[in-house]
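Student: I should like a close look at a single part, the lining of the largest pocket. Which residues form that lining, and how do they relate to the rest of the chain?

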Amino acid sequence: MAQVEYSCKRKKDFVTSLAIIMFVAIFVFEIYLIVFIRIQLQKENAMAHDVIKQEMLMKTEQIRGQIKNAKPKTPLQECEVMMATSCLDNIVQFIRRNKDTMTSQQIVETNDLLSQLEVYTLTWGKNKYLFKQESFETKPILDKMEAKLDQAAAEGR
């Protein structure tokens with residue numbers, strides 16, 4: 001069997017050892033970076049999630065202040081304010097009870113509900129309520145009914 005001869009014979013020396021050590025170190029560092037960056041991104045997402053939840057709670061307090069500033073003039077408007085207060089209380093209870101397990105979809109839906117409620121409370125500042133008490137004039141209707149009854153009595157029915 002013929003012996004293979006290499007054109008360059010390498011001995012184990014300091015430079016070869018250093019090159020191998022540097023290659024392994026760079027490889028391990030790249031793996032570390034891949035894992036570290038993924039962990040950091042997950043932490044940032046979690047922090048962003050917490051920031052959004054905290055902003056939701058701050059928004060609820062802002063809406064609560066707007067509800068307190070509402071000055072309803074009729075019982076129907078008072079009922080509207082009471083309904084908004086009850087709705088806000090339910091939302092706050094849901095957020096506090098489930099804030100650690102809320103999904104992104106639930107956060108978006110809750111923010112949408114709070115935004116709608118905020119729009120309603122802002123219109124109260126302009127004295128525009130959703131519920132309007134409409135008056136009903138009964139006198140013309142009663143007069144027509146009396147006239148028909150009188151006419152029917154005159155005809156002998």
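Tutor: A pocket is an open set of points, on a 1 Å grid over the protein atoms alone, where a 1.4 Å probe fits, with protein on both sides within 12 Å along at least five of seven lines; its lining residues have an atom within 4 Å of a point. The model is predicted, with local features needing pLDDT of at least 70 and side-chain atom pairs pLDDT 80 or more, while totals for chains, interfaces and linings use all residues. Residues are numbered from 1 along each chain as its sequence is written, and side-chain values use heavy atoms, without hydrogens or water.

The lining of the largest pocket consists of Glu80, Met83, Ala84, Cys87, Leu113, Gln116, Leu117, Tyr120, Trp124, Leu130 and Phe131. Two helices (DSSP runs of H or I, at least four residues, numbered from the N terminus), α2 (75-98) and α3 (104-124), each supply at least two of these residues. Helix α3 gives the largest share of the lining, five residues.

One member of the lining, phenylalanine 131, sits in the loop between α3 and α4. With a relative accessible area of 34%, phenylalanine 131 is partly exposed (buried is under 20%, exposed over 50% and partly exposed in between, for a 1.4 Å probe and protein chains only). From C-alpha to C-alpha, phenylalanine 131 is 70 Å from isoleucine 26, and 105 residues separate the two in sequence.

Another member of the lining, Leu117, can be placed relative to helix α1, where methionine 58 lies. The C-alpha atoms of leucine 117 and methionine 58 are 14 Å apart, although 59 residues separate them along the chain. Methionine 58 has 52% relative accessibility and counts as exposed.

Cys87, also in the lining, raises the matter of disulfides. The whole structure contains zero disulfides (pairs of cysteine sulfur atoms within 2.5 Å). Cysteine 79 takes part in no disulfide, and its nearest cysteine sulfur belongs to cysteine 87, 15 Å away. Likewise, cysteine 87 is in no disulfide, with the sulfur of cysteine 79 as its nearest, at 15 Å. Both residues count as partly exposed: cysteine 79 has a relative accessibility of 37%, and cysteine 87 one of 32%.

Turning from the pocket to helix α1 (residues 14-69), tyrosine 32 and phenylalanine 36 both lie there, four residues apart, about one turn of the helix. The structure holds two aromatic pairs (rings of Phe, Tyr and Trp, the last by its six-membered ring, with centres within 6.5 Å; planes under 30 degrees apart are stacked, over 60 edge-to-face, the rest tilted). Tyrosine 32 and phenylalanine 36 form a stacked pair, 5.6 Å centre to centre with 20° between the planes. Ring pairs link these two residues with Phe29 into a cluster. Tyrosine 32 is partly exposed, at 48% relative accessibility, and phenylalanine 36 is also partly exposed, at 37%.

Beyond the loop that holds phenylalanine 131 comes α4. Just after α4, glycine 156 takes a positive phi of about 85°.
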